[in-house]
Amino acid sequence: MATTSSMENRFTTPFAVAKVDGLVMSAGGVPIQAGGIVYGAVGVSGAPSGVTDEMCAQAGVDAIKDDLEMEGL
């Protein structure tokens, strides 16, 4: 799993995912991982930049990561 910002170059070529009608790919998504397991992801949008969106998403994941690891989920 990777942040959406780290995948930007995968979506800039012709026929790439970001070129599909109705689909928007931009920075602001981060995976939820704990104990070596991927649970899903958090996506944030609306800040003036994707960098800020991603920082907010990461802060949310960081806030619950210890709880996920302690629960063994």
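**Around A47, G28 and D53 in a predicted model**

At 26% relative accessibility, A47 comes out as partly exposed. That label covers everything between buried (under 20% relative accessible area) and exposed (over 50%), using a 1.4 Å probe and protein chains only. A47 sits in the loop between β2, which spans 37–43, and α1. Helices and strands here are DSSP runs, numbered from the N terminus: H or I with at least four residues for a helix, E with at least two for a strand.

A quick word on the source. This is a predicted model, where local features need pLDDT of at least 70, side-chain atom pairs count only at pLDDT 80 or more, and totals for chains, interfaces and linings use all residues. Residues are numbered from 1 along each chain as its sequence is written, and side-chain values use heavy atoms, with hydrogens and water left out.

Now for the chain as a whole. Its secondary structure consists of one helix and two strands, and reading from the N terminus the order is β-β-α. Of the 73 residues in the chain, 22% are buried. The exposed area of the chain is about 5,000 Å², with 58% of it supplied by carbon and sulfur atoms; such areas come from the Shrake-Rupley method with a 1.4 Å probe, and for residues only the protein chains shown count as cover. Contacts (heavy atoms within 4.5 Å) can also be sorted by sequence separation. Among contacts in the chain with a separation of 6 or more, 49% involve residues 24 or more positions apart.

Back to A47. Setting aside neighbours within four places in sequence, A47 is in contact with T52 and D53. D53 belongs to helix α1, residues 50–71, and is buried, because its relative accessible area is 6%. With neighbours within four places again left out, D53 is in contact with A27, G28, V44, S45, G46 and A47.

G28 turns up in that list, and it has a story of its own. G28 lies in the segment before β1 and counts as buried, since its relative accessibility is 3%. Residues up to four places away aside, G28 touches T4, V42, G43, V44, G50, D53, E54 and A57. As for G28 and A47, they are 19 residues apart along the chain, and their C-alpha atoms are separated by 9.3 Å.

The segment before β1 (29–34) also holds M25, and T3 is placed in the segment before β1 too. M25 is partly exposed, with a relative accessible area of 29%. M25 and S5 are 20 residues apart in sequence, and 9.0 Å lies between them from C-alpha to C-alpha. T3, on the other hand, is buried, because its relative accessible area is 18%. Without its neighbours within four places in sequence, T3 is in contact with G29, V30, P31 and E54. T3 and E54 are 51 residues apart along the chain, yet their C-alpha atoms are separated by 8.0 Å.

Finally, there is some charge to look at. D62, D66, D67 and E69 form a negative surface patch. Patches are made of residues with over 30% relative accessible area and no salt bridge; like charges are joined within 9 Å, and nonpolar side chains (Val, Leu, Ile, Met, Phe, Trp, Tyr) within 5 Å. A salt bridge means a side-chain nitrogen of Lys or Arg within 4 Å of a carboxyl oxygen of Asp or Glu. Lys and Arg count as positive and Asp and Glu as negative, while His and the chain ends are not counted. Each charge is placed at NZ of Lys, CZ of Arg, CG of Asp or CD of Glu. One of the patch members, D66, is found in helix α1 and counts as exposed, at 53% relative accessibility.
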